[in-house]
Amino acid sequence: MTSRAASLPHSRLRSSGGTPVVGTVTRGTTNPNRLRRMDRWIAATHGAELRRAADPVAVDLGYGAAPWTAVELLTRLREVAPRTRVVGVEIEPARVAAARPHERDGLVFRHGGFEIPVRERPLLIRAANVLRQYDEAEVAAVWERLCARLAPACDGSRGGLLVEGTCDEIGRRHVWVALGPEGPRTVTFATRLGSLDRPSDLAERLPKALIHRNVPGEPVHAFLHDFDRAWAAAAPYASYGARQRWIRTVRHLTTDWPITDGPSRWRQGEVTVAWGALAPQG
């Protein structure tokens with residue numbers, strides 16, 4: 001990725017160590033269990049990397065007005081990698097102060113932003129609903145800065161993982177991009193199948209890098225169009241339940257799109273696509 005770090009927004013705040021805090025204050029909206037779909041995907045797909053590390057550190061960036069998502073991330077990651085530590089990072093000092101009483105073994109809260117105020121190179125940075133308020137033109141610089149903070153790839157490891165995306169207020173619909181130290185890898189669509197009318201309902205939760213690209217001529221628009229067509233063609237499977245219809249739909253998509261996961265994830269109401277197939281034109 002080409003360096004554009006200079007275009008990042010800088011808060012006027014400074015961390016306790018005097019380092020400039022990079023970013024702007026978000027609305028801070030949060031709810032318990034909101035990020036469960038993203039967390040479970042991370043645990044399933046990145047758990048082995050966390051287990052292999054001597055001191056695995058995960059960052060919950062922009063956890064919001066209450067610390068629930070960071071607490072839940074620790075619980076879910078420790079189920080697959082018991083030595084994982086979580087650092088909750090917030091740009092609003094009052095939110096950090098409010099979260100401190102919830103610190104425990106493996107969980108701390110720090111004031112900061114996109115500079116990621118931890119000594120270690122994290123194996124995971126989760127940034128959910130953080131870039132929603134930014135301009136699309138700012139996303140690449142934020143991604144580049146965060147990817148540069150990830151643990152590097154080495155023998156037997158692909159390095160750290162940045163997971164950046166958007167979900168609705170109660171976590172029924174979620175779309176996220178997964179990035180490694182080298183840049184974007186995949187896009188995952190995840191939903192509570194019982195709430196879905198058609199797959200393109202997920203368009204309103206596309207990450208900032210893609211949400212304005214859901215127009216004719218852009219790959220993500222073509223993908224969602226094909227997704228809806230496959231969903232309609234799989235309507236006879238609805239008699240066996242929404243899960244079976246979804247699995248049949250995704251299996252049909254594999255004919256024309258580089259789907260990177262398999263039925264074990266499809267059964268969870270997920271599908272993951274190679275980033276290159278959906279990346280914005282130009």
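**Exercise 1. Ile211 and its surroundings**

Find the helix that holds Ile211 in this predicted model, and decide whether the residue is buried, partly exposed or exposed.

*Solution.* Start with the secondary structure: Ile211 belongs to helix 5, residues 208–211. Next, take its relative accessible area, which is 22%. Buried would require under 20% and exposed over 50%, so Ile211 counts as partly exposed. Now look for contacts beyond four places in sequence: Ile211 meets Arg132, Ala203, Glu204 and Leu206. Finally, compare sequence and space for one pair: His221 is 10 residues away along the chain, and the two C-alpha atoms are 9.6 Å apart.

**Exercise 2. The order of the sheet**

Work out the strand order of the open sheet, and say which strands stand at its edges.

*Solution.* Trace the eight strands across the sheet and you get 5-4-3-6-7-8-9-10, with mixed pairing. The ends of that order give the edges: strand 5 (107–111) and strand 10 (270–274) each have a single partner strand, so one side of each lacks a neighbour in the sheet. From one strand to the next, the twist averages 20 degrees. Now step in from one edge: strand 10 pairs with strand 9 (residues 183–191) through five bridges, in the antiparallel sense. To check the register there, find Val187, which faces Val273 of strand 10.

**Exercise 3. Inside strand 6**

Which residues of strand 6 are buried on each side, and how does the strand pair with strands 3 and 7?

*Solution.* Begin with burial: five of the five residues in strand 6 (residues 124–128) are buried, so the strand is largely enclosed by the rest of the structure. Then sort them by face. In a regular strand the side chains alternate between the two faces of the sheet. Here Leu124, Arg126 and Ala128 lie on one side, with Ile125 and Ala127 on the other, and both faces are covered. Now turn to the partners. Strand 3 (residues 57–61) runs parallel to strand 6 and is joined to it by three bridges; Asp60 has Arg126 as its bridge partner. Strand 7 (residues 161–167) is also parallel to strand 6, with five bridges, and Ala127 sits opposite Glu164 of strand 7.

**Exercise 4. Helix 1 and Glu49**

Describe the span and the kink of helix 1, then place Glu49 in its setting.

*Solution.* Take the span before anything else: the 17 residues of helix 1 reach 23 Å from first C-alpha to last, close to the expected 24 Å. Then look for a bend, and you will find a kink of about 65 degrees centred on His46. His46 is among the buried residues of this helix, which also include Trp41, Ile42 and Leu50. Glu49 lies in the same helix, residues 36–52. With a relative accessible area of 10%, Glu49 falls under the 20% limit, so it is buried. Its contacts beyond four places in sequence are Leu123, Ser157, Arg158 and Gly159. With Ser157, the side chain of Glu49 makes a polar contact of 2.8 Å.

**Exercise 5. Asp168 in its loop**

Where is Asp168, and which residues does it contact?

*Solution.* Locate Asp168 in the loop between strand 7 and strand 8 (173–180). Its relative accessible area of 4% makes it buried. Beyond four places in sequence, Asp168 touches Arg34, Arg173 and Arg205. Closer along the chain, a polar side-chain atom of Asp168 lies 2.7 Å from the backbone nitrogen of Gly171.

How values were computed
Residues numbered from 1 in each chain as written. Predicted model: local features only at pLDDT ≥ 70, side-chain atom pairs only at ≥ 80, totals over all residues. Heavy atoms only, no water. Helix = DSSP H or I, 4+ residues; strand = E, 2+ residues; numbered from the N terminus. Buried < 20%, exposed > 50% of the residue type's maximum accessible area, 1.4 Å probe, protein only. Polar contact = N/O pair within 3.5 Å; in protein donor to acceptor, adjacent residues only side chain to side chain. Contact = heavy atoms within 4.5 Å. Pairing = 2+ DSSP bridges. Axes fitted to C-alpha atoms, helices over the stretch in contact; angles between N-to-C directions. Expected span 1.5 Å × (residues − 1). Bend = angle between axes of the 7 residues up to and from the residue.
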